[in-house]
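Reader: I have just opened this one and would like a walk through it. Can we take it piece by piece?

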Amino acid sequence: MSEAEKGPPEPSSKFHLIINRKPYTWPHPSITGSQIKELSGSPADFVVNQIVDGPGEDPEIADGQSVPLTPHGTEKFVTRKPKTTPGT
């Protein structure tokens, strides 16, 4: 098989992330909230939060929001059921 028949080459960089304490690799320099849920097998109605160091709340990542991944670090995320308000 020639090089042309094999298709485009694989990306040279793989990006590392942790979702719900489980490690994953991703072939692109960014990932969206919906891709995080799909990769982790979380339900579509779950919420994604990025885990950040320091005080304060971890930011919520919307389905269409893109998060840059760094090739030399590991981004951390959690998925969870959305918060509900009693009586609504």
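Reader: Let me start in the middle. Which residues does Q50 touch, not counting those up to four places away in sequence?
Author: This is a predicted model, so read each answer as a statement about the model. Leaving out residues up to four places away in sequence, Q50 touches D58, P59, I61, V67, E75, K76 and F77.

Reader: Where is Q50 placed?
Author: Q50 sits in strand β4.

Reader: Is Q50 buried or exposed?
Author: Buried: the relative accessibility of Q50 is 12%, and the cut-off for buried is under 20%.

Reader: And the rest of that strand, how many residues of β4 are buried?
Author: In β4, residues 47-51, 4 of the 5 are buried, so the strand is largely enclosed by the rest of the structure.

Reader: Which strands pair with β4?
Author: One is β7, residues 74-80, which pairs with β4 in the antiparallel sense over 5 bridges. Within that pairing, V47 stands opposite R80. Another is β5, residues 60-61, also antiparallel to β4, over 2 bridges. There V48 has I61 as its bridge partner.

Reader: What order do the strands take in the sheet?
Author: The order is β2-β1-β7-β4-β5, an open sheet of 5 strands with mixed pairing. β2 (22-26) and β5 are the edge strands, each pairing on one side only.

Reader: Mixed, OK. In what sense do β1 and β7 pair?
Author: Parallel. β1, residues 15-19, pairs with β7 over 4 bridges, and H16 has T74 in β7 as its bridge partner.

Reader: Zooming out, what does the secondary structure of the chain come to?
Author: There are 2 helices and 7 strands. Along the sequence they follow the pattern α-β-β-β-α-β-β-β-β.

Reader: How much of the chain counts as buried?
Author: 25% of the 88 residues. The chain exposes about 6400 Å², and carbon and sulfur atoms supply 54% of that area. As for contacts, among those between residues at least 6 apart in sequence, 56% join residues at least 24 apart.

Reader: Which residues make up the largest nonpolar core?
Author: The core has 12 residues in all: F15, L17, I19, Y24, W26, I31, I36, V48, I61, V67, L69 and F77. β1 and β2 each supply at least two of them. β1 gives the most, with 3 residues.

Reader: F15 heads that list. What is F15 in contact with, leaving aside neighbours within four places?
Author: F15 is in contact with Y24, T25, W26, P27, H28, P29, L69, T70 and P71.

Reader: H72 comes soon after P71. Where is H72 found?
Author: H72 is in the loop between β6 (66-68) and β7. H72 is exposed, with a relative accessible area of 81%. The C-alpha atoms of H72 and F15 are separated by 8.0 Å, although the two residues are 57 apart along the chain.

Reader: Switching to backbone angles. What is the phi of N20?
Author: About 55 degrees, a positive value although N20 is not a glycine. N20 lies in the loop between β1 and β2 and counts as partly exposed at 34% relative accessibility.

Reader: And what about the phi of R21?
Author: R21 also has a positive phi, near 70 degrees, and is a residue other than glycine. R21 is in the loop between β1 and β2. With 83% relative accessibility, R21 counts as exposed.

Reader: Now charges. How many salt bridges does a search of the whole structure find?
Author: The search finds 2. In one, the side chains of D63 and K37 meet at 2.5 Å, N to O. D63 lies in the loop between β5 and β6 and K37 in helix α2 (residues 33-40), so this pair ties together parts that are 26 residues apart in sequence.

Reader: Are those two buried or exposed?
Author: They fall in separate classes. K37 is buried, with a relative accessible area of 5%, while D63 is partly exposed at 40%.

Reader: Which side chains meet in the salt bridge at 3.7 Å?
Author: Those of R80 and E60. R80 is in strand β7 and E60 in strand β5, 20 residues apart, and the pair links these distant parts of the chain. R80 counts as partly exposed, at 26% relative accessibility. R80 came up earlier as the residue opposite V47.

Methods. Residues numbered from 1 in each chain as written. Predicted model: local features only at pLDDT ≥ 70, side-chain atom pairs only at ≥ 80, totals over all residues. Heavy atoms only, no water. Buried < 20%, exposed > 50% of the residue type's maximum accessible area, 1.4 Å probe, protein only. Pairing = 2+ DSSP bridges. Contact = heavy atoms within 4.5 Å. Areas by Shrake-Rupley, 256 points an atom, 1.4 Å probe, with all protein chains shown as cover. Core = buried A, V, L, I, M, F, W, Y, C linked by side-chain atoms within 4.5 Å. Salt bridge = Lys/Arg side-chain N within 4 Å of Asp/Glu carboxyl O.
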